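Work through the exercises below with the sequence and the 3D view open. Try each task before reading its solution.

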Amino acid sequence: MGRTRADRDRLWAAIHVERAALADELGALRDAEWRTGSLCTRWSVEKVLAHLTAVARTGRVRWVRSIVGAGFDTDKHNRRRMREQLRDSPGGTLENFVDSSSLRVSPFGDPAAWLGETIVHAEDIRRPLGLTRAYPVDPLTGVARFYASQDFAVNSARLVKGLRLRATDGPFEAGAGPEVEGPTLALVMAMAGRPVFLDELSGGGVDELRRRIG
């Protein structure tokens with residue numbers, strides 16, 4: 001997907017806003033809350049934040065070296081990079097994230113993918129902690145359109161192929177087939193394979209989407 005420089009600048013600005021918002025919320029956590037299980041299987045809240053720091057700090061050369069060194073095993077690659085960004089305490093891990101939050105670094109790809117990565121993993125953290133965020137509709141809609149149009153870190157486009165998606169709180173709509181409708185955030189998170197958000201969706205295509213997510 002080709003983008004103008006202005007489009008890319010807007011997406012990076014949105015990434016920085018979302019990183020800052022997450023950091024502000026997590027600053028109030030008690031130590032025990034950092035050990036809460038996230039929506040990412042087997043990863044705590046602190047580990048997901050360390051993963052987001054790794055995402056923010058990993059450019060193309062480092063990413064290539066890492067994935068080759070991991071034998072092209074993405075899970076191994078992600079675990080290694082995450083562990084590099086953990087610190088001796090949750091406060092240290094948060095400070096490390098804050099220090100990286102204004103960086104404009106990525107290995108490749110459309111900035112919409114990295115905005116999606118930021119939002120999805122922020123929700124992986126927020127949902128188990130009972131935290132909510134009212135996301136600006138424009139950047140969230142951009143992520144929804146990106147996820148519906150192509151696979152990247154998740155098989156989002158394949159997951160919703162043959163379904164009609166429609167946001168009830170914004171302009172996003174995509175596809176054709178049995179309808180799945182609901183809040184834009186819930187659609188994004190469902191496309192990212194998070195089944196807990198399916199309960200916020202309705203329509204004749206929800207059962208099929210639930211079956212595909214598994």
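The exercises that follow concern a predicted model.

**Exercise 1. The elements**

Task: State how many helices and strands the protein chain has, and where the strands fall in the order of elements.

Solution: Begin with the count: the protein chain has ten helices and three strands. Next, read the order from the N terminus, which is α-α-α-α-α-α-α-α-β-β-β-α-α. In this order the β elements follow one another, with α elements before and after them.

**Exercise 2. The overall form**

Task: Decide whether the radius of gyration of the protein chain agrees or disagrees with that of a compact globule.

Solution: Start from the length, 214 residues, for which a compact globule would have a radius of gyration near 17 Å. The protein chain has 17 Å, so the two agree. For the extents, the C-alpha trace spans about 50 × 40 × 35 Å along its principal axes. Then turn to burial: 47% of the 214 residues count as buried, where buried means under 20% relative accessible area. Finally, consider contacts between residues at least 6 apart in sequence: 64% of them join residues at least 24 apart.

**Exercise 3. Surface and charge**

Task: Find what share of the exposed area comes from carbon and sulfur atoms, and how far apart the mean positions of the positive and negative charges are.

Solution: The protein chain exposes about 10400 Å², and carbon and sulfur atoms supply 49% of this area. For the charges, take the 32 positive and the 28 negative ones; their mean positions lie 7 Å apart.

**Exercise 4. The sheet**

Task: Work out which strands stand at the edges of the sheet and in which sense each pair runs.

Solution: Strands of a sheet pair through backbone hydrogen bonds, in either the parallel or the antiparallel sense. Here the three strands form an open sheet with the order 2-1-3 and mixed pairing. Strand 2 (173-174) and strand 3 (179-182) are at the edges; each has a single partner strand, so one side of each has no neighbour in the sheet.

Now take the pairs in turn:

- Strand 1 (residues 164-167) pairs with strand 3 in the parallel sense, over four bridges. Leu165 stands opposite Val180, and Arg166 has Glu181 as its bridge partner in strand 3.
- Strand 1 pairs with strand 2 in the antiparallel sense, over two bridges. Arg166 stands opposite Glu173 in strand 2. A hairpin of five residues joins strand 1 to strand 2.

Last, compare the faces of strand 1: Leu165 and Ala167 make up the covered face, and Arg164 and Arg166 the uncovered one.

**Exercise 5. Two residues in detail**

Task: Classify Glu179 and Gly175 as buried, partly exposed or exposed, and list what each touches beyond four places in sequence.

Solution: Locate Glu179 in strand 3. Its relative accessible area is 31%, so Glu179 is partly exposed. Beyond its neighbours within four places in sequence, Glu179 is in contact with Arg164, Arg166, Ser202, Gly203, Gly204, Gly205 and Val206. Ser202 is 23 residues away along the chain, and its C-alpha atom is 8.0 Å from that of Glu179.

Gly175 lies in the loop between strand 2 and strand 3. Its relative accessibility is 47%, so Gly175 also counts as partly exposed. Setting aside residues up to four places away in sequence, Gly175 touches Leu163 and Arg164. Gly175 and Leu165 are ten residues apart in sequence, and their C-alpha atoms are 6.2 Å apart.

Technical notes:
Residues numbered from 1 in each chain as written. Predicted model: local features only at pLDDT ≥ 70, side-chain atom pairs only at ≥ 80, totals over all residues. Heavy atoms only, no water. Rg over C-alpha atoms; globule rule 2.2 N^0.38 Å. Buried < 20%, exposed > 50% of the residue type's maximum accessible area, 1.4 Å probe, protein only. Contact = heavy atoms within 4.5 Å. Areas by Shrake-Rupley, 256 points an atom, 1.4 Å probe, with all protein chains shown as cover. Lys, Arg positive; Asp, Glu negative; His and termini not counted. Charge placed at Lys NZ, Arg CZ, Asp CG, Glu CD. Pairing = 2+ DSSP bridges.
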